[in-house]
Amino acid sequence: MAISAKRRMLMGVNQVLSLAGVELIRKDKEFQDYIPLKKTLADAEQAGMPLGDYIDMRFNVPGTTQKTIDKMAELDVFSGKVDRVCEIGPGSGRYLAKIVELCKPSYYEIYETSKDWREWLAQKYGVVSQNTDGASLSSTPSQSLDLVHTHKVLYGNPIITIGRYLLEMARVVKDGGYAVFDLVTEDCLTDELLDKWISSGVDHAHSMTSKQYAIDFFARRGFQYLGGFIVPMEPGVTEYFVFKKQA
Ligand SMILES: C[S@@+](CC[C@H](N)C(=O)[O-])C[C@H]1O[C@@H](n2cnc3c(N)ncnc32)[C@H](O)[C@@H]1O
């Protein structure tokens with residue numbers, strides 16, 4: 001699709017503003033809504049479950065969040081001190097809560113397009129909620145983090161947004177740090193899984209990215225592929241990648 005006149009105008013204005021070190025970003029209402037905050041909190045309470053467990057149970061397969069953390073641990077992500085962390089699209093914070101408890105980082109920042117959830121997370125966990133343009137980590141210095149991670153966010157974005165976030169993740173990790181993310185890859189779109197997506201009527205998977213593309217992309221930027229794993233993402237699955245930045 002061609003760049004809209006509005007977007008072209010924004011880019012032009014930003015070129016001028018960048019001389020002063022500032023930029024205009026899109027308003028929240030242009031981003032897709034995430035699940036409603038108040039209702040989700042109330043539903044979890046009524047179910048008598050911690051929020052993350054409730055979301056696993058209601059929208060996915062119970063235990064998937066913990067399984068993901070366990071797999072990250074198996075691939076060495078938590079073997080050293082994880083002190084400075086960035087998460088893209090934490091939503092309810094179900095991964096954030098576990099990583100904060102496990103690693104006790106001194107700094108944890110989020111880029112989340114849902115205003116309600118990011119404000120709630122900042123208040124509940126004391127994390128830094130960065131201005132979010134939906135495609136960059138523009139407030140984060142290069143090579144400044146021990147871990148950048150995102151879960152079930154990229155596949156719901158267009159391919160160029162995925163490319164921009166992959167570039168940004170590679171930029172912000174320091175030597176010895178980790179980048180962890182999931183993508184809907186070719187292994188997640190077998191005929192059987194594609195049928196499941198189609199028959200579910202759910203249409204929030206917007207992109208497929210090839211596994212080798214992701215591995216080569218990070219290899220070119222000095223990252224070693226430590227491994228990956230596939231977890232449920234109803235109605236299908238998603239493939240995780242764990243990379244370590246080489247010194
Ligand atoms: C499917 S939810 C996953 C939430 C959370 N990571 C989890 O797995 O529980 C996608 C989340 O990413 C946010 N999001 C979607 N696109 C985004 C983008 N381009 N940049 C930052 N956040 C985004 C949504 O608001 C939502 O919180």
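## A walk through the model, from sheet to ligand

Of the 247 residues in this chain, 46% count as buried. What you have open is a predicted model, so treat each stop below as a look at a prediction.

**Stop 1: the whole chain.** Switch on a cartoon view. You should find nine helices and seven strands. Now turn on a surface: the chain exposes about 12,700 Å², with carbon and sulfur atoms supplying 54% of that. If you like contact maps, take the contacts between residues at least 6 apart in sequence: 70% of them join residues at least 24 apart.

**Stop 2: the sheet.** Hide the helices for a moment and keep the strands. In what order do the seven strands sit in the sheet? Reading across, you get β3-β2-β1-β4-β5-β7-β6, an open sheet with mixed pairing. Select 128–129 (β3) and 223–233 (β6): these strands stand at the edges with a single partner strand each, so one side of each has no neighbour in the sheet. As a reminder, strands of a sheet pair through backbone hydrogen bonds, either parallel or antiparallel.

Next, select residues 84–88 and 145–150. These are β1 and β4, which pair in the parallel sense over four bridges. Click I88 and look across to β4, where its bridge partner is T150. Then step over to the other pairing of β4: four bridges join β4 to β5, and the two run parallel. On that side, H149 stands opposite V180 in β5. While β5 is highlighted, colour by burial: eight of its 11 residues are buried, leaving the strand mostly covered.

**Stop 3: two helices over the sheet.** Bring the helices back and pick 94–103. This is α5, lying across β1, β2 (107–111), β4 and β7 (236–245), and running at about 170 degrees to β2. Now pick 211–219, which is α9. Helix α9 lies across β5 (173–183), β6 and β7, at about 15 degrees to β7.

**Stop 4: F223.** Show this side chain as sticks; F223 is found in strand β6. Buried or exposed? At 4% relative accessibility, F223 counts as buried. Leaving aside neighbours within four places in sequence, its contacts are M169, A170, V173, A179, F218, F243, K244 and K245. Try a distance label to A179: the two C-alpha atoms are 8.8 Å apart, although 44 residues separate F223 and A179 along the chain.

**Stop 5: the ligand.** Centre on the ligand and show what surrounds it. Which residues come nearest? Out of 17 residues around the ligand, they are G89, R94, E112, H151 and Y165. Three polar pairs are worth labelling:

- E112: a polar side-chain atom lies 2.5 Å from an oxygen atom of the ligand.
- H151: a polar backbone atom is 2.8 Å from a ligand nitrogen atom.
- N157: an N or O atom of the side chain is 3.1 Å from a nitrogen atom of the ligand.

On its own the ligand has 590 Å² of accessible area, and the protein covers 88% of that.

**Stop 6: S207, reached through N157.** Keep N157 selected and look at its backbone oxygen, which lies 2.4 Å from a polar atom of the S207 side chain. That S207 side chain also reaches the backbone nitrogen of I159, at 3.5 Å. Where is S207 in the fold? Look in the loop between α8 (191–200) and α9. With a relative accessible area of 10%, under the 20% cut-off, S207 is buried. Beyond neighbours within four places in sequence, S207 is in contact with Y155, N157, P158, I159, I162 and V184.

**Stop 7: backbone oddities.** Three loops to finish. Start with the peptide bond joining E234 and P235: this one is cis, with omega about 5 degrees. P235 lies in the loop between β6 and β7.

Then jump to K104, in the loop between α5 and β2. Its phi is near 45 degrees, a positive value in a residue other than glycine. K104 counts as exposed, at 57% relative accessibility.

Last, select Q143, in the loop between β3 and β4. Phi of Q143 is positive too, near 50 degrees, and again the residue is not glycine. What is the relative accessible area of Q143? The value is 42%, so Q143 is partly exposed.

Methods:
Residues are numbered from 1 along each chain as its sequence is written. This is a predicted model: local features need pLDDT of at least 70, side-chain atom pairs count only at pLDDT 80 or more; totals for chains, interfaces and linings use all residues. Side-chain values use heavy atoms; hydrogens and water are left out. Two strands pair if DSSP finds at least two bridges between them. Contact means heavy atoms within 4.5 Å. Axes are lines fitted to C-alpha atoms, for helices over the stretch in contact, and angles run from 0 to 180 degrees between N-to-C directions. Buried means under 20% relative accessible area, exposed over 50%, partly exposed in between (1.4 Å probe, protein chains only). Accessible areas come from the Shrake-Rupley method with a 1.4 Å probe; for residues, only the protein chains shown count as cover. A residue is near a molecule or strand if one of its heavy atoms lies within 4 Å of it. A polar contact is a pair of N or O atoms within 3.5 Å; within protein, one must be able to donate a hydrogen and the other to accept it, and residues adjacent in sequence count only if both atoms are side-chain atoms.
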